[in-house]
Amino acid sequence: MSECCDLFTRYGGNPILTARDLPYKANSVFNAGATVFDGDILLLLRVEDYRGISHLTVARSKNGVTGWQIDPVPTLMPDVKHHPEEIWGIEDPRITRIDELDLWAVLYTAYSKAGPLVSLATTRDFKTFDRLGVVMPPEDKDAALLPVRFNGRWAMIHRPVSNFASIGAHIWISFSPDMKHWGDHQVLIPARNGAWWDANKVGLSPPPLKTDRGWLVLYHGVRETVSGCIYRLGLALLDIENPARLIARSDEWVFGPQETYENKGDVDKVVFPCGWIEDGDDIKLYYGCADTSIALATAKKQDLLDWLEKGGKQENRSGE
Ligand code: BMA
């Protein structure tokens, strides 16, 4: 069955990257961050080795589709000596270009003995990285920075999980004067309830995209079923001046697992984007498939905004 309006078009040559494309042995490559660097589209791949531990590796391409140049060795390995919280790997990077600081900020999941948490590193060349360490304690993941300050403060979107499971895992926003000390925590996009596609657990997917109507958000919803979870994607819009204000949210998911490479893998029925790139009026969405490979889908930015404005503006009807 096709999703609402087929807003996204899959690239015919999907998946665009698998473990076989890597210059070294690995189990899987998925959930990549994305940015434009030095005229190339740069993906920061999550690579899982044969121990089950993930690290990050750079892949670059002129057209963002083919001809990927992949670093011959892992670009960013867990640094357990200085960062014991990275003991079970580093995962799911989200990259934000910060013009004011002339650098890229990478938020990633560090898999610590106390659970997954959010760590921050910055880079200017995607060769060397400055680790700023843990910015959100466990359990927390699916984090990205917004590229500008709001009244002098940086904003981070993330997804803490409470032990009080009955209330669900929601998307939050927090603010900081220095990217190190975070506060003013607020729920931004709550998980819905019951039969909804995004019931009980939601999380940010790529970093929000600046548009003339607000910050465009793509988020994932996790539907639990008797045969496992289904990861699907929905849209939301945040106020451009105050990103803590949710303007719109889609009722229906806009993208979900359909193809074999999305339905079958180490974890079935998962589409999991950590990066998207603006390419003129188009958006290139890079998404992990079934925790096994990386695929590409494209959409028109205007179509996403129009659809959200018409059909997606249903926050008054949010699930109870
Ligand atoms: C989430 C994250 C992702 C993963 C997904 C499906 O919780 O850990 O890295 O792709 O589960 O397994």
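Over the face of which residue does Arg 97 lie, and at what distance from the ring centre? A few friendly notes on this predicted model follow, with that answer first.

1. Arg 97 is placed over the face of Trp 104, and the distance to the ring centre is 4.4 Å. Trp 104 also belongs to an aromatic cluster, together with Phe 37, Phe 126 and Phe 129.

2. Two members of that cluster are worth a look in detail. The count of aromatic pairs comes to 11. For Phe 126 and Phe 129, the ring centres are 6.1 Å apart and the planes meet at 80°, so this pair is edge-to-face. Phe 126 is buried, at 2% relative accessibility, and Phe 129 is buried as well, at 14%.

3. There is another charge over a ring for you to inspect. The charged end of Lys 25 sits over the ring of Tyr 50, at 4.4 Å from the ring's centre.

4. On the cysteines, you will find zero disulfides in the structure. Why does Cys 274 not bond to Cys 289, which holds the closest cysteine sulfur? The sulfur of Cys 274 is 12 Å from that of Cys 289, and this is too far for a bond, because a disulfide needs the two sulfur atoms within 2.5 Å. Seen from the other side, the closest cysteine sulfur to Cys 289 is the one in Cys 274.

5. As for the surroundings of these cysteines, Cys 274 is buried, with a relative accessible area of 0%. Cys 289 is likewise buried, and its relative accessible area is 0%.

Definitions and conventions: Residues are numbered from 1 along each chain as its sequence is written. This is a predicted model: local features need pLDDT of at least 70, side-chain atom pairs count only at pLDDT 80 or more; totals for chains, interfaces and linings use all residues. Side-chain values use heavy atoms; hydrogens and water are left out. Buried means under 20% relative accessible area, exposed over 50%, partly exposed in between (1.4 Å probe, protein chains only). Rings of Phe, Tyr and Trp (its six-membered ring) pair if their centres lie within 6.5 Å; planes under 30 degrees apart count as stacked, over 60 as edge-to-face and the rest as tilted. A charge sits over a ring if NZ of Lys or CZ of Arg is within 6 Å of the ring centre and within 35 degrees of the ring normal.
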